[in-house]
Amino acid sequence: MPHLDLEQTLNAGQRAAVEAGDGPVLIIAAAGTGKTRTLVYRVAHLVARGINPERILLLTFTNKAAREMLARAEQLVGSMVGGLWGGTFHHMANRILRRHADALGYRLDYAILDEDDARTLVRQAVARLGLRGRHFPKPDVLLSLFSLAANTDGLVEPLAQERFAESEVPVADVMRVYAAYVERKRALHAMDFDDLLVNGLRLFRERPDLLAPYQERFLHVLVDEYQDTNGIQAEWVDLVAARHRNLLVVGDDFQSIYGWRGANFRNILDFPRRYPDAQVFKLEANYRSLPGILDVANACIAGNPEQFQKTLHAIRAGSVRPVVARLSDGDGQARYVASLLARLARRGMRMSDVAVLYRAHFHALELQLEMSRMRVPYVITSGVRFFELAHIKDVTSLVRMAVSPTDELAFRRLLGLLPGVGEKTSARLWDAMGGHFEGRSADARAQLRARLPTAARADWDLVAELFAAYVDEHLEEDPGELIYRFVERFYREYALETFENHDRRLEDIAALIDFTTRFENAESFLSEVALLTNLDAEADALPQADAARVRLSTIHQAKGLEWKTVIVLWAVEGMFPAARSLAEEDGEAEERRLFYVAATRAQDELYFCVPEIRRMRDGGIMYCEPSRFIRELPSTLYRTEHTSYGG
DNA sequence: GTTTCGGTTCTTTTT
DNA sequence: GAACCGAAAC
């Protein structure tokens, strides 16, 4: 059995947590205290103790986190931990539902609707019900409402009452849209992201017979980022772990930043009450940041109510004071950041050691322009998920059509690419084909051709051949090849005519083709693809991403990561904290935690940008006060920089 | 009746 | 960008 040298590599607190005996365990791990390390060692420790990896379940926030942890654990124990189940809640629910969804009345090959699909369905429902007026909420608003209800295990109606209490919106109509949406999903044999979680839990609640084997199987259940679980995830975990009760959760209530999507940090606060016999470990020794940075983080978070009291202690020594830079406006901020980056580069800093973080994607707009102008290379974790980019969805819809004759959304999307075919025509074609399309049947292909508008036929012929090839040449084992041919025959030309930046989009598709090689066949590719985030896709498919580039990212997406230098944009009232969040219950506390997350990403240097004015769309200007999170700091904790960029 | 095109408006955070 | 709206073009 491999020997793990814990004394050498872990501090006393970490070691105690890693070696904790059976039973429930709560690890409160503040930022930068080696949380991942502890979890990795725990997994390695279990395996080294002889636990079969197949009997361990590891739930993480991203797939990337799961993969990294497994890779590191594998290095430690020098053996395969491959049989271990690791991934996001959505992935695990999907994995289990693929086997048992029929128990809930679904087909086992149900489709997964991504956000874009869901939006389309809601928009159609609104249109069909004739509610498309000025005073009806947008699909996004409706969806976020439905989603919050799902994730808090609650009903849509009372939530809608509350949300629209002060508006003209008739809640009865909202409920009609909701009913229509639910019905459409049923008809399409599809689940949206929330359905995966909700049905994952429903399956276990309603079918103890199906739950029991999983309870028996998973001797150990480990949950990362537990502060960001919502009620249904917590209940799901409790159910899975109920048999052996070896449930180990790791988290930091200070870093709970997903309240708006139903996460409930009381899950972590109440853990000791739900599991009175839980062993609790606190990790407070921070290895990441210099003391000056932690002082700011500690000061900022200290005022938040309801939390496990803890203070970060710096292990590293050195003196820095974070910088607050006063700037004129967004453009001044952009120029300041560009010059700061140049200064850092001259000092020999690698640009991949620098990150620019912000509250919302649009905060970085001017900066992106400036950096492009100055030819400073950067990577951005974009707001749009890789697999929801229009061109990526276009080409995957061909694969979906080839795999599933009943995939209406894919059919209509693909047909819509043909000239002269729009929403109405594609709907009519689908009905005319009888609600299914067998791509492999030459007969069906010819039938469809006959019904197409003349303008679309030539292009259809190019695409139709691919369905034949799919069968004849066994392309189901090579979805990448199918996509490649589709691009060569048809999509390249289409992209050229449709998109200004067609070359970048074709590069994305090339990356997608690379990505397919990770999967054995078209079906497994599809069943995973909808759940992958842009972070996952980027890491796997776009290897050039990390080179010597500055990273631009939202704070949410920066969670768990670290850089030598961190620059925070728009640290002003209204932007950060975001005005809209302050209106929510617990809004300020969550914004504060977000600020804490931003600050604790930095190892050596931390900059806050405070522009004085914000230019509004209508040409007006708005004066900005520095963020309350800065104003509250004792002024000895930071250094104000008055720059040539105004302010 | 549909599709396409051009202009306008808005942008919190994500699986 | 991309969603939405209105108007022109097919």
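Me: Which helix gives the largest share of the surface near DNA strand B?
Reply: This model is predicted. Helices H20 (423-432), H27 (555-558) and H28 (579-582) each give two or more residues to the surface near DNA strand B. The largest share is 3 residues, and the helix that gives them is H20.

Me: Which residues come nearest among the 29 around DNA strand B, and which class counts 13 there?
Reply: Ala360, His361, Gly422, Lys424 and Thr425 come nearest. By class, the surface near DNA strand B has 9 nonpolar and 7 charged residues. The class that counts 13 is polar.

Me: How many charged residues are on the surface near DNA strand C?
Reply: The residues around DNA strand C include Arg123, Arg132 and Lys138. Pro139, Val384, Leu389, Ala390 and Asn501 are also around this strand. The surface near DNA strand C has 4 nonpolar residues and 1 polar residue, and its charged residues number 3.

Me: Why is helix H19 (residues 408-416) largely enclosed by the rest of the structure, and how many of its 9 residues are buried?
Reply: The buried residues of H19 include Glu408, Phe411 and Leu415. Their cover includes helix H6 (115-128), helix H18 (390-403) and H20. H19 is largely enclosed because so many of its 9 residues are buried: 8.

Me: Is Gly574 buried or partly exposed?
Reply: Gly574 sits in the loop between strand S15 (563-568) and H28. Leaving aside residues up to four places away in sequence, Gly574 touches Ala579 and Cys624. A buried residue needs 20 or more C-beta neighbours within 10 Å. Gly574 has 15 inside 10 Å, so it counts as partly exposed.

Key
Residues numbered from 1 in each chain as written. Chains lettered and ligands numbered in written order. Predicted model: local features only at pLDDT ≥ 70, side-chain atom pairs only at ≥ 80, totals over all residues. Near = placed C-beta within 6 Å. Nonpolar A, V, L, I, M, F, W, Y, C, P; charged D, E, K, R; others polar. Helix = DSSP H or I, 4+ residues; strand = E, 2+ residues; numbered from the N terminus. Buried ≥ 20, exposed ≤ 12 C-beta atoms within 10 Å, placed from the backbone. Contact = placed C-beta atoms within 7 Å.
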